[in-house]
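This report walks through one protein chain, from its overall build to particular residues. Please keep the sequence and the model open while reading.

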Amino acid sequence: MMQYPHWDANLLVVFATTLAVSAVVLLHYEGLSMISGWLAKRRDFISRRKVLYGIFSVLALHVIEIWMFGITIWLLLMYPETGHVTGAEPLQLLDGVYLAAITYTTVGYGDVAPLGPIRFIAGTVALTAFVLAGNTLLRPLVNFINRIPFDEKASEATYHFKVAVTAHA
């Protein structure tokens, strides 16, 4: 049975990954809350402009999150036992951000690949991005559903919808 010699590197990667994911999730949650509040207060006569502000704001939020993961990867790889990235030797800051971006978006071109304990953060970046993208897309739907009147007196959940039917001759 072979002994693994670098448990300290693994623990460092797990610890840094946990910190990075926590920071990214908190940033995402607070960022979406701030964007929603800001857009709700805007009194634009052109509603399409609000949509554009929302899209660009969410994109900026995701880019910041990619940079946070990229910086974490770059810092971790300063400790040689955490692994390396093939296709990017020596690893520069923008290489770490690029790895984070292709992992976050699950594009994975194959030109760079993490090896060693650093693979843990790469897999976690993809999972985190999947959850955050789902949150970004589903949040407006959940907010809409929460505004639908709920009849608590009924034995089953009853939602009240207004349906308009028109007949065409």
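A residue is called buried when its relative accessible area is under 20%, exposed when that area is over 50%, and partly exposed in between. By that cut-off Thr72, at 14% relative accessibility, counts as buried. The model described here is a predicted one.

## Overall build

The chain contains 4 helices and 2 strands, and, followed along the sequence, these elements come in the pattern α-α-β-α-β-α. Of the 169 residues in the chain, 30% are buried. The accessible surface amounts to about 11900 Å², and carbon and sulfur atoms account for 68% of that surface.

Contacts that reach far along the sequence are well represented: when contacts between residues at least 6 apart in sequence are considered, 67% of them join residues at least 24 apart.

## Helix α2 and its contact with α1

Helix α2 covers residues 47-76. Its 30 residues should span 44 Å at 1.5 Å a residue, and the end C-alpha atoms are indeed 44 Å apart, so the expected and modelled spans agree. The buried residues of α2 are Gly54, Ser57, Val58, Leu61, His62, Glu65, Ile66, Phe69, Gly70, Thr72, Ile73 and Leu76, a list that includes the charged residue Glu65 as well as nonpolar ones such as Ile66 and Phe69.

Thr72 belongs to this helix, and, once neighbours within four places in sequence are set aside, Thr72 is in contact with Ala16, Ala20 and Ile121. Ala16 sits in helix α1 and is buried, because its relative accessible area is 15% and the cut-off is under 20%. Beyond residues up to four places away in sequence, Ala16 touches Thr72 and Leu76. The C-alpha atoms of Ala16 and Leu75 are 9.4 Å apart, although 59 residues separate the two along the chain.

## Nonpolar cores

Which residues touch the most other members of the largest nonpolar core? In this core of 24 residues, they are Phe69, Ile73, Val85 and Tyr104. Two or more residues of the core come from each of α1 (7-41), α2, α3 and α4 (119-146). Apart from this core lies another one, made of 5 residues, among them Leu32, Ile35, Leu39 and Leu61.

Tyr104 can be followed further, since its contacts beyond four places in sequence are with His62, Glu65, Ile66, Phe69, Val125, Ala129 and Leu132.

## Helix α3 and the loops beside it

Helix α3 has 12 residues, 93-104, which should span 16 Å at 1.5 Å a residue; the end C-alpha atoms are 16 Å apart, so here too the two values agree. Buried in α3 are Gly96, Val97, Leu99, Ala100, Ile102, Thr103 and Tyr104. Leu94, also placed in α3, is by contrast exposed, with a relative accessible area of 58%.

The loop between β1 (84-86) and α3 holds Pro90, and the peptide bond that joins Glu89 to Pro90 is cis, with omega at about -5°. Just after α3 comes Thr106, which takes a positive phi of about 55° although this residue is not a glycine. Thr106 lies in the loop between α3 and β2 and counts as exposed, with a relative accessible area of 58%.

## Strand β2

Leu115 is placed in strand β2, which covers residues 113-115, and at 37% relative accessibility Leu115 counts as partly exposed. The residues that Leu115 touches, not counting those up to four places away in sequence, are Thr82, Gly83, His84 and Thr86. Leu115 and His84 are 31 residues apart in sequence, while their C-alpha atoms are 5.4 Å apart in space.

## A nonpolar patch on the surface

Which residues make the nonpolar surface patch of about 570 Å²? The patch is made by Val63, Trp67, Ile71, Leu75, Met78 and Leu94. Helix α2 gives the largest share of the patch, with 4 residues, whereas Leu94 belongs to helix α3.

How values were computed: Residues are numbered from 1 along each chain as its sequence is written. This is a predicted model: local features need pLDDT of at least 70, side-chain atom pairs count only at pLDDT 80 or more; totals for chains, interfaces and linings use all residues. Side-chain values use heavy atoms; hydrogens and water are left out. The expected span of a helix is 1.5 Å times one less than its number of residues. Buried means under 20% relative accessible area, exposed over 50%, partly exposed in between (1.4 Å probe, protein chains only). Patches are made of residues with over 30% relative accessible area and no salt bridge: like charges are joined within 9 Å, nonpolar side chains (Val, Leu, Ile, Met, Phe, Trp, Tyr) within 5 Å. Accessible areas come from the Shrake-Rupley method with a 1.4 Å probe; for residues, only the protein chains shown count as cover. A salt bridge is a side-chain nitrogen of Lys or Arg within 4 Å of a carboxyl oxygen of Asp or Glu. Contact means heavy atoms within 4.5 Å. A nonpolar core is a set of buried Ala, Val, Leu, Ile, Met, Phe, Trp, Tyr and Cys residues joined through side-chain atoms within 4.5 Å.
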